[in-house]
Amino acid sequence: MDLACGTGHLAKLFAAKGWRVIGVDLSKEMLAQAQKNSHRSRITYFRGDMRRWSRRGIADVVTCVFEGLNHLLSKSDLMRVFKNVHKTLKPGGFFLFDITHQEFFERFWAGRRELIEGRDYVLTLALTYHPTQKIGKAELNGFIKQGKLYDRFKEGFSERMFTGTDVALLLKQAKFQEITAEKFNPLRIPFDGVVKTFWSTKK
């Protein structure tokens, strides 16, 4: 099962290996695109909030990547997800996920501004980080060329910083075992610190 599956990119990779896959996401638009992209795959998609969505003992593996868990804005919400995942896994099943690292929020997000230009689009990105609240906010403004004109769009989102200590403690409280964490940098960006932590744990 892939939580916060978005347009189904990871779910399709699993299905191509012969796995039966469940994708769960809150966004109707994302799921519509995922359905369109997986017409020959072994994937079933559900619209649901991962803080409330679970199925008892159906999955050998649960994943949540591309910083899906950072969109939860409280430790209590993160704990709800961990408990739901534990319920959904079969005995001995694995939970694999990534979390954006504390250093990345504190050093990269704080006050960053970027202008990104392509052949048919222009995008501005403004990042802020509030250390007391442990919340990072992103605001995007852009123009996409449509014929001879440009369509303007505006979008924003927030992410919560969870420390490694937070995550490990909540996993233990949710009765997970064999908890491991590995730092990694998947993005080609001008940053010399740690971007993400990849976590693996077992029911």
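**Exercise 1. In which strand is R160 found? Characterise its surroundings.**

Before starting, note that this is a predicted model in which local features need pLDDT of at least 70 and side-chain atom pairs count only at pLDDT 80 or more, while totals for chains, interfaces and linings use all residues. Residues are numbered from 1 along each chain as its sequence is written, and side-chain values use heavy atoms, with hydrogens and water left out.

Solution.

Step 1. R160 belongs to strand β9, residues 149–160; helices (H or I, at least four residues) and strands (E, at least two) are DSSP runs, numbered from the N terminus.

Step 2. R160 is buried and yet has no salt bridge, and the nearest side chain of opposite charge, that of D166, is 5.0 Å away. Buried here means under 20% relative accessible area, exposed means over 50%, and partly exposed lies in between (1.4 Å probe, protein chains only). A salt bridge requires a side-chain nitrogen of Lys or Arg within 4 Å of a carboxyl oxygen of Asp or Glu; for charge, Lys and Arg count as positive and Asp and Glu as negative, with His and the chain ends not counted.

Step 3. The side chain of R160 does reach the backbone oxygen of L73, at 3.4 Å.

Step 4. Not counting residues up to four places away in sequence, R160 touches a set of residues that includes L73, F105, Q133 and I135, where contact means heavy atoms within 4.5 Å.

**Exercise 2. Describe the placement of E114 and the partners of this residue.**

Solution.

Step 1. E114 is placed in strand β6, residues 112–117, and is partly exposed, with a relative accessible area of 27%.

Step 2. The side chain of E114 makes a polar contact with the side chain of R112 at 2.8 Å; such a contact is a pair of N or O atoms within 3.5 Å, where within protein one atom must be able to donate a hydrogen and the other to accept it, and residues adjacent in sequence count only if both atoms are side-chain atoms.

Step 3. Leaving aside neighbours within four places in sequence, E114 is in contact with F108, L123, T124 and L125.

Step 4. E114 and L140 are 26 residues apart in sequence, while their C-alpha atoms are 9.7 Å apart in space.

**Exercise 3. How many salt bridges does a search of the whole structure find, and where do the partners of three of these pairs lie?**

Solution.

Step 1. The search finds 11 salt bridges. Side chains of opposite charge can pair when their charged atoms come close.

Step 2. In the pair of D77 and R80, the closest N and O atoms are 2.4 Å apart. Both residues lie in helix α3 (residues 75–88), three residues apart, about one turn of the helix. D77 counts as buried at 12% relative accessibility, whereas R80 is partly exposed at 42%.

Step 3. D192 forms a salt bridge with R107, the closest N and O atoms being 2.5 Å apart. Because D192 lies in the loop between β10 (177–184) and β11 (196–202) and R107 in helix α4 (residues 102–109), the pair ties together parts that are 85 residues apart in sequence. D192 counts as exposed at 66% relative accessibility, and R107 is partly exposed at 45%.

Step 4. K202 and E178 meet through their side chains in a salt bridge of 3.9 Å, N to O. K202 lies in strand β11 and E178 in strand β10, so this pair ties together parts that are 24 residues apart in sequence. K202 is partly exposed, with a relative accessible area of 24%, and E178 is exposed, with 55%.

Step 5. Salt bridges that share partners join D49, R51, R52, D77 and R80 into one network.

**Exercise 4. Examine the backbone phi of F66 and of K175.**

Solution.

Step 1. Most residues other than glycine have a negative phi, and most peptide bonds are trans.

Step 2. F66, in the loop between β4 (59–64) and α3, has a positive phi, near 55°, and counts as exposed at 55% relative accessibility.

Step 3. K175, in the loop between α5 (164–173) and β10, has a positive phi of about 75° although it is not a glycine, and counts as exposed at 61% relative accessibility.
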